[in-house]
Every structure is written in structure tokens, then in C-alpha cells.
Amino acid sequence: MARDEDKPLGLRNVVSVSMGLIVSMSCLVSLGQGAGEAGTMFIPAMAIALVLNLCSAACMAELNSLMPNATGGLVQYTLAGLGPLPTLVAMVGGYLVCNILCGGVEAAIFGSVMTETLHLPIPAAVWPTVVSIVIAVCALLGVDAFAKLQDLVSYLLLASMIAIGLIGACKLGTGAVVHQQAAVATDPASVVAAVGTASWLFVGAEYCIPISKDVRNAKRNIPLGMILSLVLIFVMDSIVVLGFGNYVPWAELSKSATPHLLYGENLLGSFGKVWMCVVSALAFTGSQNSTVNGLSQITDGMTKVNMMPHFFARKNRHGAPAVAILFVTVSICVIAFLSGGTSDSISFMILVVTVLWLVSYILADLDVLVLRRRFPKAPRAFRVPGGPVIPVAGIVGTIFMIANISSDPAEARMVWLVSLVTLAVLGVYSLFWIRRKMHMPALKPVPIPQVLAMENDLYYTIRRRRGIWR
């Protein structure tokens, strides 16, 4: 194991990786449409979502401190806390399938945005394909190359968004200032209704956990990095919402499929639209970079506990899970091609993905409570303060966000239905896989020492030779 001072990553890298997945193109869409629905009252809705997601982030940090060298993160935590069935449902549904689908659709939308904005004789599919190839190459070169690319795009994106938000908030743009009410609705029910949309703006900070084994002073930098990233995103988005209100009518903002491009054009004309096009490129690159690296590490972790075919764990000479990286990259590109560049269903898909992802957060909070009870004296470099208060608040708050996933009752019911059907299908698949491949009780937690032993390749080899895992 590498000495702490020899590890290549620090707090700056943790913050950029945490931000990278969150600030995606779909988040730019959700930010604009959420602001269009609530006006500046979307800011308190974001504040509520921030606090609730901070609870889940803190729980993830405690789990990481309990099992700091676990490759897949939540895979191993939930396996030790709740057993194989919840683990497989959460990881396949809340992470692999949802992120690949979302990444593919975002790639298609990115191609359409670049084509419509720049008017170059380049097919829309070329833009995301080129970016995806660059990201895959960086990921294959190892964690250091991945982190350098992530630092570049994340901090450029943060600076650009804050700058263009401040220009609008201070009314310094070249476009006409819009005079309208700051808040579309001021009643508490409207704020509550907007929390579901706002929750998507803070989902994904835990994607820094798979790199924790390469982070110096991880017991401090992992929880601090997640907290800083979520707070920075809240500040950035709040400034942009204030800018929105000065240059775009709320009604137009809520109906736009690309509200950030609309804002850029109204703020600074064609230059502002191109600027927002660059922001879109940074957002897509950052989110895809985090997706490819995070999902490949999670897939690698799943192979260690026999939840994925073992060839996904094959690494190249740089120590990168090459097969998993190529699988995630190719899957995203295929989904992007099949989606045809349409964004008609992106908002609905975001809500479904949000629900499935939030379910995995509930499981993480439950993991904290269960593992504290089963292993009260196990060493933890970081422990969430306040006893069970924050994990319980995280569970209740996450259920609250799911219950308020949409202000439209009909849409909310459809989102819940699709999510339940997806979880049910995943449950049937998981039971089949656990019975045929894992040969473990579906709901019996695996002892932590056994989960940690699975990190060694010999564990899989021995069980396969004995005919236990095939």
C-alpha cells in the first residue's frame, strides 16, 4: 500500500471530481427550468436540497472511513450492511444503468447544442464522440491523468458560471434588462414543490469515493471535499438564478429546452451564446469524465464481489480497469447515437434517474445505522456527529425529495411508477444472479472482514476453484 505522502491526489482533486459529475448539461437544464417555475424562490428550494444531500454525503464519508480501501465504495458498504440483494439493485439501477442512459442522452444533446450554436459542417455525433475518446484515453492512462483533466474542466466551469452569473446579477450585460417579479410564487408549498427538481443539482458528490485510496489524508479530504463541492455548487447556482431573473422572462426560461443558451444570448448576444456553448462543453466533459472513471471503478468493485463478470476487473499497465472504461465509454456513445439527439424526454428521464439515485442514498444512510449497531467499536477516521440524527434526517429528507419529485401530480405519479417497475425488474434479475452466480443468502449481510478480503484477487480464484463462484 502506498504511503500517504506518495498518493497523487489532494483536496483540490476531490472537490473537482465531486463537482464534475454534478454540474452536467442536464443540471444546467434543471437549473433553468427550476428557476423558471419558482423564480428566485428556487434558491431556498436549492438550500433545502443542499442540506439534505449534505446529510447523505456525510454518511458516505463515514462509510468510506470504515472501509477506506474498498474499490467500489457503496457496493461494499451495502453488501456489509444490508446484503447482496439491496446492493445489486442499488448499484445496477441507481448507478450503472441510469448513469449510462443519462450520459448517452447528454452526449446526444451536447452534439445538438454544438451543431446549432457553431454552425460548422460537422455532424452532431462527432462532438461527443471526440470528447468521449479523449476522456477514455485519459482514464486509461491512470488516475493522475484523469484528475488533471477533471481539475481543468471543473474549475474552468466554476469560474465561467460564476462570472456569467455575476454579469447578469449585477445587470452588466449588453442585452435588455427584464423587469419582472423576483419570485414566481412565494408560498411555502411552491418552495417544497421545487425541492424535487433542485435535488438533481446536488446528486453525485460521492463519486470521489472510488478515488479515496489515491487521496492524501483521505479521512479529512474526502468528507471536506464533498462538503466544499456541494456548497460551491449552491453558491454558483444561486448567482446564476439571480442573473436569469434580470435577463430572461421566467415563463420563457421554464419552457426552454436549453435555458442556459437562452440566458447567454439574452445577456451578451451571440458572444454570450457561444460562451454558454463553451460552458456546455465543459459541463459535458466534466460529467462524462467523472462518469467514466466512477462507473469503471464501481464496476471493478462489483467484480470483486462477483456481481459482474470478472473480466471487467482486468487492468492495464497503468492500473486502470481498461475493460470497464471501454465498456462504459462505448455504451454511452451507443446510447447517444440511438437517442438521435432529441431532448424531448430529458426532463422526465432526469426525474426517474433522480429517484433511483436517491434510493441508493437511503440505503447508504441505512448502512451507517446498521453498521454502527453491528460494529460499534470498529475504527472510523470520520464519524457523523449527532448520533443517529443525521442519518435518520437523511433518510426522511430523501423520502421527502422523492415524494416531491415533480410539481405536476400526473408527472410525479408516472415517475414513481416507472421507478417502481425498474426496481422490481432489477429485483428479479438480482435474485437470479445471486442464486446462480454468488451462492449467498440474498438478504444476509456479509461480514466486513470477508468484504475486505474480496479486494484480493485470490479470494475470487479460491472460491472459483472450489466451485462456489462460477
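This is a short dialogue on how to read a predicted model of a single protein chain.

Trainee: Before we start, what should I keep in mind about this model?

Mentor: The model is predicted, so local features need pLDDT of at least 70 and side-chain atom pairs count only at pLDDT 80 or more, while totals for chains, interfaces and linings use all residues. Residues are numbered from 1 along each chain as its sequence is written, and side-chain values use heavy atoms, with hydrogens and water left out.

Trainee: Good. How many helices and strands does the protein chain have?

Mentor: Helices (H or I, at least four residues) and strands (E, at least two) are DSSP runs, numbered from the N terminus. Here the protein chain has 17 helices and 0 strands. Its radius of gyration is 22 Å, close to the 23 Å from the globule rule for 470 residues, so the chain is as compact as a globular protein of that length. That radius is taken over C-alpha atoms, and the rule is 2.2 Å times the number of residues to the power 0.38. Along the principal axes, the C-alpha atoms fill a box of roughly 70 × 50 × 45 Å.

Trainee: What share of the contacts in the protein chain with a separation of 6 or more is between residues 24 or more positions apart?

Mentor: A contact means heavy atoms within 4.5 Å. In this chain the share is 82%.

Trainee: And how do I read burial and surface?

Mentor: Buried means under 20% relative accessible area, exposed over 50%, and partly exposed in between (1.4 Å probe, protein chains only). Buried residues make up 58% of the 470 residues here. The accessible surface, from the Shrake-Rupley method with a 1.4 Å probe, comes to about 18,200 Å², and 68% of it belongs to carbon and sulfur atoms.

Trainee: Which residues have the most contacts inside the largest nonpolar core?

Mentor: The general idea first: in soluble globular proteins, nonpolar side chains tend to be buried together. A nonpolar core is a set of buried Ala, Val, Leu, Ile, Met, Phe, Trp, Tyr and Cys residues joined through side-chain atoms within 4.5 Å. The largest one here has 150 residues, and those with the most contacts inside it are L31, F42, M46, Y95, F202, M302 and W357. Take M302: leaving aside neighbours within four places in sequence, its contacts include V75, L88, M91 and V92.

Trainee: Is D237 buried or exposed?

Mentor: D237, in helix α9, is buried, with a relative accessible area of 5%. Not counting residues up to four places away in sequence, D237 touches L31, M46 and L201. Two of the core residues I listed, L31 and M46, are among those partners.

Trainee: Could we look at T291 and S160 in the same way?

Mentor: Gladly. T291 lies in helix α11 (residues 259-304) and is buried at 3% relative accessible area. Beyond four places in sequence, T291 is in contact with L21, N99, Y207, S296, V328 and I332. S160 sits in helix α7 (residues 143-169) and is buried too, at 14%. With neighbours within four places left aside, S160 is in contact with W275, V279 and L282.

Trainee: Where do I find partly exposed helix residues?

Mentor: Try A393 in helix α14 (residues 389-403), which counts as partly exposed at 32% relative accessibility. Leaving out residues up to four places away, A393 touches L52 and C55. Another is V51 in helix α3 (residues 42-66), partly exposed at 47%.

Trainee: What is notable about the phi of H119?

Mentor: Most residues other than glycine have a negative phi, and most peptide bonds are trans. H119 has a positive phi of about 55° although it is not a glycine. H119 is in the loop between α5 (84-118) and α6 (126-140) and is exposed, at 65% relative accessible area. N217 also has a positive phi, about 50°, and is not a glycine. N217 is in the loop between α8 (188-199) and α9 (218-247), and is partly exposed at 29%.

Trainee: Last one: how far apart are the mean positions of the positive and negative charges?

Mentor: Lys and Arg count as positive and Asp and Glu as negative, while His and the chain ends are not counted. Each charge is placed at NZ of Lys, CZ of Arg, CG of Asp or CD of Glu. For the 31 positive and 23 negative charges of this chain, the mean positions are 15 Å apart.
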